[in-house]
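Let's walk through this one together, a piece at a time. Keep the viewer open and follow along as the residues come up.

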Amino acid sequence: MGLGLLCAALALVIWPAQSADAVREGMALCANVVVPALFPFFVLASLVVELGLSRCLGRLLHPIMAPLFRVNGSCAAALALGFVGGYPVGARTAIQLYQQGQCSKTEAQRLLAFCNNSGPAFILGVVGAGVFASSRVGVLLYLAHAAASICIGILFRFYKAGPTARREERQSRPQFHAQRFTTAFTGSIKNSFLSTLNICAFVVFFTVVIQLLIRSGFLPGLAQVLGTVLAPFGLTPEWAQRLLTGALEISSGVWTLSGDGTLSGKLILAAFMLGWAGISVHCQVLSFIGGSGLSVGTYLVGKLLHGGLSALFIAVLVRLFPLE
């Protein structure tokens, strides 16, 4: 750990201008994409939970949520907002539902496995139109992404499904009390702004990290090794560097796919990146989990499965609907 921090400090000293450029790039990304996309949904999600509107929604959707995902109807708020708002809106809403007593610990951990998804604005606008210059590509990627999420939700319905676990969760669930509108509104604005700043800090940090890893030669070197090891599977060092970049930070990763390569290969890699979401997003979610008592295990396993299933589904969709 100490050696890593020393190397990071040396890198900042050796490449100060490049680090400053990366900070500006990350801040521009936050100002133009992150804040406009996430802040309104954070406020909406917080109001839905604090005012108890998720319970009203839950009474309507319980007949769907319970048999499919083995969670109560209130959890539909996390699923819906996760699909519309993008990560980490779904995960933050799931944690809020648990902290407010609207779902059990087991239900919250099931939600974390599949409700933290990329929003349609990012997949259709940034990835589809921006990277691939095709709205059809964006639609196929979003369909694969959504289908994989639903499949993982169905799979995780078997997580801690025993009668003893269900009884313990019911007994440990705290009592929920809806907030007055004025209290909920002011609190939602303040907490959502702080949450958005928290996310922006991670985005800027990982933008600098990726730039320094590239400048130092560490990322290209690791990609070279990975490409050599996985050469029998068709992974070249160039593709390995794209994969590693996306594994760290989703936005930087998908933009590397605008270069050369087969369309099907780039789509499969893009689908995996969108499903996995990147370590930057995971750190954002972990900052919300904090002292909630929820385990990160189901979340990380769910995201890894999401990446794999999304890649598999897009490979099938490309065969069914050729894009060449």
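Start with F272, which you'll find in helix α14, residues 263-276. Bear in mind that this is a predicted model. How exposed is F272? Its relative accessibility comes to 23%, and because buried means under 20%, F272 counts as partly exposed. Setting aside neighbours within four places in sequence, F272 is in contact with L243, G307, G308 and A311. G246 is worth a look too: 26 residues separate it from F272 along the chain, yet their C-alpha atoms are 8.9 Å apart.

Now zoom out to the helix itself. The 14 residues of α14 reach 20 Å from first C-alpha to last, close to the 20 Å you'd expect at 1.5 Å a residue. Its buried residues are K266, L267, L269, A270, A271, M273, L274, G275 and W276. And what covers them? The list includes α7 (120-131), α8, α12, α13 (250-255), α15 (279-289) and α16 (297-320). Just after α14 comes A277, with a positive phi near 80°.

From here you can step into the core. In soluble globular proteins, nonpolar side chains tend to be buried together. The largest nonpolar core in this model has 72 residues, and F132, L141 and I314 have the most contacts inside it. Helix α8 (residues 135-155) gives the most to this core, with 7 residues. Click on L141 and, leaving out neighbours within four places in sequence, you'll see contacts with I123, V127, F132, L267, A270, A271 and I314. Three of those names, L267, A270 and A271, also appear among the buried residues of α14.

Next, look at helix α11. With 12 residues (218-229) at 1.5 Å a residue, α11 should span 16 Å, and its end C-alpha atoms are 17 Å apart, which agrees. Which residues of α11 are buried? They are L219, A223 and G227. These three cover an arc of only 70° around the axis, which puts them on the same side of α11. That fits the usual geometry: an α-helix has 3.6 residues a turn, so residues three or four places apart point the same way. The other side of α11 has F218, T228 and V229, which are exposed. As for packing partners, the buried residues of α11 sit against α10 (181-216) and α12 (237-248).

Finally, the aromatic rings. How many aromatic pairs does a search of the whole structure find? It finds 4. In one of them, the ring centres of F39 and F193 are 6.5 Å apart with the planes at 85°, so the pair is edge-to-face. F39 belongs to helix α2 (residues 16-50) and F193 to helix α10, so this pair ties together parts that are 154 residues apart in sequence. Both are partly exposed, F39 with a relative accessible area of 24% and F193 at 46% relative accessibility. F205 and F206 also make an edge-to-face pair, 5.4 Å centre to centre with 90° between the planes. F206 is buried, its relative accessible area being 7%.

Rings and charges meet here as well. The charged end of R242 sits over the ring of W239, 4.6 Å from its centre. R157 lies over the face of F158, 5.3 Å from the ring centre.

How values were computed:
Residues numbered from 1 in each chain as written. Heavy atoms only, no water. Helix = DSSP H or I, 4+ residues; strand = E, 2+ residues; numbered from the N terminus. Expected span 1.5 Å × (residues − 1). Buried < 20%, exposed > 50% of the residue type's maximum accessible area, 1.4 Å probe, protein only. Arc of directions from axis to C-beta. Contact = heavy atoms within 4.5 Å. Core = buried A, V, L, I, M, F, W, Y, C linked by side-chain atoms within 4.5 Å. Phe/Tyr/Trp six-rings, centres within 6.5 Å; stacked < 30°, edge-to-face > 60°. Lys NZ or Arg CZ within 6 Å of the ring centre and 35° of its normal.
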